[in-house]
Structure formats: structure tokens, C-alpha cells
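Colleague: Could you take me through this model with a few questions, step by step, and explain each term when it comes up?

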Amino acid sequence: MASKHRLYLVDGSGYIFRAYHALPPLTRKSDGMPVGAVSGFCNMLSSLRDKAEHDEAVSHMAVIFDAARANFRNEIYPEYKANRSETPEDLIPQFEPIRRATRAFGLAAIEKDGFEADDLIATYAKLAHEAGMEVCVVSSDKDLMQLVRDGVGMLDPMKDRSIGPDEVMEKFGVTPDKVVDVQSLAGDSTDNVPGVPGIGIKTAAELINTFGDLDTLLARAAEIKQPKRRETLLTNADKARISRELVRLKDDVPLDLGLDDLKLGPVEWPKLKTFLDEMEFRSLTSRIESRLKLRGTADMDGNGPRKAPAPVAFEGEGGPETPPGTDKAATYTLVQDIATLRQWIERASAAGIVAFDTETTNLSPTHAELVGFSLCIEPHEACYVPVGHIPPGGGGLDLSGEGAPKQIPLDDALAELKPLLADPSVLKIGQNIKYDMAVLHRYGLEIVSYDDTMLISYALDAGKHGHGMDELSELHLGHKPISYDEVTGTGRSRISFAEVALDKARDYAAEDADITLRLYNLLKPRLLAEKQVTLYETVERGLPAVVAAMECAGIRVDPAELNRLSADFASRMEAFEKKAHELAGESFNIGSPKQLGEILFDRMSLPGGKKGKTGAYSTGADVLEDLAAQGHELPRVVLDWRQLQKLKSTYTDALVASINPRTGRVHTSYSISSTNTGRFASNDPNLQNIPIRSEEGRKIRRAFVAEPGHVLISADYSQIELRILAHIADIAALKQAFRDGVDIHALTASQVFNTPVEGMDPMVRRAAKAINFGIIYGMSAFGLAAQLGIPQREAQSYIEAYFKRYPGIRDYMDRTKKQVKEQGYVSTLFGRRVHFPNINTKNPAERAFLERASINAPIQGSAADIIKHAMVKLPAALAKAGLQTRMLLQVHDELVFEAPEREVDDAIAVAKDVMQAAAALDVPLVVEAGRGANWDAAH
């Protein structure tokens, strides 16, 4: 009797090689990446899914891959598969996209280190068979024929032919349960299984059919009449036994996924289409889409099966409605009374999970006022709770007065919401939840126990795309959300969100929460499947609460000092401008690139003038620096003027304007998912780019001051990127130098240039320092020559001498370039994958840039991960020590704290302990800490 459930186990490795060899080479047009095997694999998998979905009994499916060539069989017999040819170079970069293709088709992609795909197939087949399921192994591999038995069959996907006991008998001359014995005698030259010399499949089958099994045959080998055959078996009995261990499949492999994880669901078309579009498989995309639409069994919009949710009854006005232009299954509710809000909160508490989002009046959380919030407990079902809406143009209208929209009073709503957000048993899902945390902190609410879809996406796909909700929704769900401009307008007609009509606000805000939950359900499982759980859990997940607290704390600046600096810069700029006019012999607008170009190249006839598309001369910093290096004074004066102008406009003037009147402090906003390598970006104002090597930059830092009775502490990782380079490139000399605490630049100069450390020319040490740091960023001979003011040929000789002394660095660079071209990404020490999807571009300049970036990414990315790991741990460590010290700023490798004067020594000790223990390297992590009344003094 047919089983109600059937499991398809697909031999993924077999699919790959069949796809590769069956089709001519194919490359992606945009960047030249080989994709022929990916295309063939997708076609085969699509056909198989189509076949499976026409068979109602098929309920489970998975694709099984070989994790690596080496496995437990190599320990039994080191020569196992030793004569296999190397994997074709153009196939290697297709392995990872093929696994992504599998997941895009809604199937589990399973592999396990130490075992072959066949072992996993055998294990799942046994497990399913014992559970009463039928099993179909999709493969033509003869090694898998040993699995055939009642309830377990095979399907040859190329010939579309079923393989049962009769077909096994035809192939091996024995029943399936004797296949291992036959293979043990016959061996396999392809896999380098020795077998017994001189015995093939036909003879082996004859012997096993005569004696019953291998052990009996070997025990009674002396009875065999043919002398040569008898002698061969007696001499090679051990080879036969070893061969049996090699060909017999393990059916007890520890599994990471159970049978329930292999259930066959509908194809999520947006997810699949995103992958197919990325691969540029246009005809395949069109073909699959047409087939799915015709069949009607796919999730075409990414919102789950098209099944309307059960009706939900809510009290109060503005009940369930289906917003125009949204998924027909979506039900968004306007909550305008406490009773209804309590129902939603009770449901969230019972469910243990809720997506949450705030709507406010400002992008800056320290200036924003809360207008409303939204909740989503089940996909397609969400609510919006208005608490601060006013009529358009309402200005300071009393929200409880006549004419105000009907809504729950702010304090009442927050009183109901507060316990839910603080409940550790309820998981709150946010998209950029750091913003919501910072906003609610001002109202006395804290969010405990949370996940962030933005950071989950960032942990998975850094470098592939952005991580904003709208982009993720279109990419993963195939759904374009309502835009902010649609509800608030644009330009001069834009209104505050507080003025948006409640029905439009409901549609916009509830959709945000709905999409956030749907993204969470889609992205969170990928962390485990793609081995990014540790990165997310130990680095990314804890950051929103930590960084939100930093943003809320802000840092005090001295406006009087900033005003003095602005006046000083203005005076000096005026002097530089006057000097420029004297050198030019006439007055001109020093801030006008067009006028400056005419002065330099037309009037003064300086060399190197080049006009751009606009017809004006280029007067960028590189042009002026080159002219200044040739001894021309006017370009140097203009450069000095520009530096002061930038410092004045970007910092001294802007910082005064940025002081929050409520706190008297400056509150920067950190973007924690905008860089490919994991680094933060500081905005409004940007506090990460204040120059620290110039006197003017240090003066600006002096304007950042501690509160009375407090001290600023600067804790800075010492040469962290060089230490990481020494670790990952395994440079013994550099590692020992860091362990010994020597001057790394002097040591490098001594070893590269054969110069004693004592009495060393400072210029030589400077050259070594420039190479040490520049090499991480792919500095060329041209760049080094410009930095040191030496001929390019001399700079090239320096670099060559450096690589000769430290060949491991060159090996690391070559290894990284090869790796990124094969798999499309590089990894940090914490496992963060930094993707370079265009690394195989045919544009030489772009490719060279991406190669340099890929070499730097594991180093810079590891440094970013280390300091973020420390940041996550520091608040708890400070609190455990009973300290009131607060972390205020992160500037690349530096953390800035504000500590009560009595705590400074203890705070420094805690900071150094945590930061230096943030990662285990072959070299020590060293943190240098200083203190002072202002940032410059502390640094």
C-alpha cells in the first residue's frame, strides 16, 4: 500500500557535476562570473520540484552535498579518492551559489564535515523508513544502490528511470543487500577503492551468490577450485575488508536537521526570483514564473500561502480594514482605546513574540517626539496605536482638546506598553530597533529581549545590498512598502507625521511592523544555515541597546571654546585669502574652483592643468598637492585655506548648532549597518573624522569636555590592524615583536633596510611605518612615494624589500584574492562575510580596487568586530564593578568614557580588561588609556 508521505533525497553533488559537464561554459554578463553549473542545477532542481509537486505523496525533500573531499574514510585508507582529478577552477566559485539556489527553491541544503553526501542520504533514508515514510533517492550513483529495499527506491534524474531491486540486480548481479560485498571485492578505480586485484563485478557477484556474503567467502577462500582466484583472495583478504569499510555507507550520522525540517512547502517566488535575477537567468526566470503561476502552488508574493487569516474581532472605532494597494490578506487595525490595546498586548504576551515599531516627528531620536507605535503578532495582521496626532497645521494643539484625533492619551498608552517591552519572555522584533530604544528611553521605557532584522540581514549579507526595510522588503518579499513621502508629502508641502490622517498613518505604520515580522521569519533561519549565529549573537545583537545608550548620553561641548576657534579660523582664513591674492597678483574668489583653475593654469601657466567635462580646470586636493610638492606656493596656501574652511563649517560652527538645548550636549547618531566591513559611521554630527594629527584638529577635540566632577577617558587599541595582520598572515617575526612589546616600526625598518635600531634615521622608521600601515590598504609605489616625498622607483624598492622580508604577507594577499574570486566573499576572525559580488568584473581598474578592498576587509572587519564585541560586554562589566562610568563615543579603534573623578582608575582597569580580552589572537591585544578634562587631554 502506498505511503502517505514520501521523502525525496537529492544527490546534490551528483547534480552539480552532471550540470557542469552537460552544458557549455556560461558566464554572468555583468561580471564574468562562471554560472553554467548553477544554471544547469537550477533547471534540474526546477524540473524535479515540478515532478514532485505532481505527486501528492511527496511531502519532504532535501538536497545533500559533500562538505569537503576529506572525511572519515581517509583515516581508514589515506589513498581513498587520491587519484581524483582536481575540481575545475571555474566550478569552485559556483558551489556557494548552488547551495543558495537550493534554499531559494525552498529546500534544505544539507552537508556535514567528516562525512560524504551518500552517508547523509543513507542516514535520512533509514530515519524516514523507520518512520513509515517512503524514500526516493534522486541519483544514478551506483554506490547508493545498496540502500534500495522495500520502501526505498532510486530515481535516475537524467534518464527519468526508477531504480529498484531488479535494476540493482541487473547492475551488480546480486540483490541490493549484497551490493557492498560485491563492491568490496571489485573495488572502484574512480574512488581508489582497492578491492581484490583481478576480480571484477561479474566474478564478485558469482562468488557472493555462491558463498552468501563476504565474510563467509574470505573464511572459506581455500575451498575455491581456481588456483589463481584462490591465491588472490587469500593474499588480499585485508584489502577486501578495508574496501568494505570504504564502500559501506554510514547510516547513523548525527543530524543537524530532523525530518520535520525537510517538509516540502510552496516555492517563495520573490526569494527565488531575487536569486535568479542576481544570476541573470532571464529565460529561466520567465519559464519558472509562468509554470508557478499556471500551477498556482507557489507563494508568489512572499507573504506566505494565500489564505486569509481568521477574522479577529476588536472593539472601538477604526476596526480591521484591508488597506488599498497592500496584500489582500493583510489586516491592519487602528487602536484608539485602552481596552483594544490591552487585547493586543495580551495576545503579544501569550504569543511570546511581537514586531514593534515607533512613529515620530524627527529622524534624530534625541529630538523626536512619539506620535504612535505599531504591533504585529502574526504575518499580515498588525495594528497602529496613535498617541500624538494633531490636525494638519495644528501646531501646539492640546491633544485632549476639541478637534484632536481620537487616540489614547500618551501616558496611558505607554503605561500599558511598558511591561510588555520590559518582559524578557516576549521577544520584540524591530527593524533598526536602536532608534526605537533611543526614542523610548526619553519616555522611561526600555526594550528587553529583542532581535533586529536590519542587523540579521547585515550579519548575513554585508556588501551585497543595503539593509533598510524598504530594500529588504522588495528584495526578499517582492513587496514595495508604502513610502514616507506618500503619507507626508514632499518639499514645502511636506507635513509632520503627527499631522498625517489616522487611516493613512495606520496603513503605513502597521505595514512596517508586518513587514518586519515577515522579514524576521525569512532571515532568522538563515543565520543557522549559513553559520552566522555566533557573529550575530555575540557581536551584532547586543549593539542596539549599547549604542542607543551612548547616543542618549551624548557628550558635552564647550560652546565658548568652539566660538573662539571659529573666530580664530575665520581670521586665519582671511590672512590666507589675502596671501593668495598677493601671489596671484589679483583678487579672486578663493572658494571658486573655476576661478582658481583660471588663475593657476591660464594666468600663472602652472603645469598639469586638465579640464573636465564642464570645461573648468580640475583643482582637487590631489592636483594642488602635486603642484605644492613642486614648490609652487599658491596651491599650498589654497590647501591651508580649505582645511580651515572645512574645520570651521563642519565642526566649530556645526557643533555649536548641534547642541541639544534640552541636554546641553551633542548627540551623534551611529549607523551600525552601513559599511561593508562592520565599522560604525557617525552622523549628525560626524565625530569620527575630526583630524587628530593636526594642531587644528586637536584644538577641536579640546572643546569636548567632561561634566563638572567628571573626567573623560580615552581607551584606544594600539596598532590593532597590524596585530590582526600578523595573526591572520601568520608572520612569525611580527608576532614575536608584538609579544616582546618592541617598537614595531623600528623593528620593521631594521629588518627590511638592514639598519640598526640604535641611531636609526627617523626617515627610515617613517618609511617602515608608512609601509606597515599602507600595505593593509594596498598602497602602491606611487602612493608611498607621494607620502614620503621620494622618487617612485625608490618607493617600489622599499615595497619589494618589505615583501622579501615578510613573504607571508604577500602569501596572505594572494590567498585572499584567490579566495574572494572563488567564493565572492572574505571572512573576518568572527566569521563575518564581507561580500564582493562584482569581484570578477572585466574592468581592470574596478577589479584591482575590489581586490585591495578584499585584502583589507578581513583586517579592518576583524578590528571592527573586536571593538564591538568589547562594547557589548562593557556596560555589564562596569555595572558589575559598581561604577557609574558611561561609554559616550566610539571612534574606530577608540572608546571614550565619562567617569566620576573617584572612579577613573577603576574604570580604566575595567575598560582595558574587557577590551584586551575581546578576542584571542596569537599576539596580545594592547589598549592604551588616558584621562583628562577634555578629549584631547585624554587622548
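Colleague: Which helix supplies the largest share of the lining of the second largest cavity?
Modeller: This is a predicted model, in which local features need pLDDT of at least 70 and side-chain atom pairs count only at pLDDT 80 or more, while totals for chains, interfaces and linings use all residues. Residues are numbered from 1 along each chain as its sequence is written, and side-chain values use heavy atoms, with hydrogens and water left out. A cavity is a set of points on a 1 Å grid over the protein atoms alone where a 1.4 Å probe fits but cannot get out, and its lining residues have an atom within 4 Å of a point. The lining includes R679, F680, H892 and D893, but its largest share, four residues, comes from a helix (a DSSP run of H or I, at least four residues, numbered from the N terminus) spanning residues 844-880, helix 35.

Colleague: Which residue forms a cis peptide bond with P685?
Modeller: P685 lies in the loop between strand 16 (681-683) and helix 27 (695-702), where a strand is a DSSP run of E with at least two residues. Most peptide bonds are trans. Here omega is near 0° for the bond that leads to P685 from D684.

Colleague: Is D684 buried or exposed?
Modeller: D684 is found in the loop between strand 16 and helix 27, and its phi is positive, near 50°. Buried means under 20% relative accessible area, exposed over 50%, and partly exposed in between, with a 1.4 Å probe and protein chains only. At 67% relative accessibility, D684 therefore counts as exposed.

Colleague: What is the relative accessible area of N432?
Modeller: N432 sits in the loop between strand 11 (427-430) and helix 16, and its phi is near 60°, a positive value in a residue other than glycine. Most residues other than glycine have a negative phi. N432 counts as partly exposed, because its relative accessible area is 27%.

Colleague: How many of the 10 residues of helix 30 are buried?
Modeller: Helix 30 covers residues 744-753 and is mostly covered, with I744, L747 and F753 among its buried residues. After this helix comes N754, whose phi is positive, near 55°. Of the 10 residues of helix 30, the number buried is nine.

How values were computed
On a 1 Å grid over the protein atoms alone, a cavity is a set of points where a 1.4 Å probe fits but cannot get out, and a pocket is an open set with protein on both sides within 12 Å along at least five of seven lines; lining residues have an atom within 4 Å of a point.
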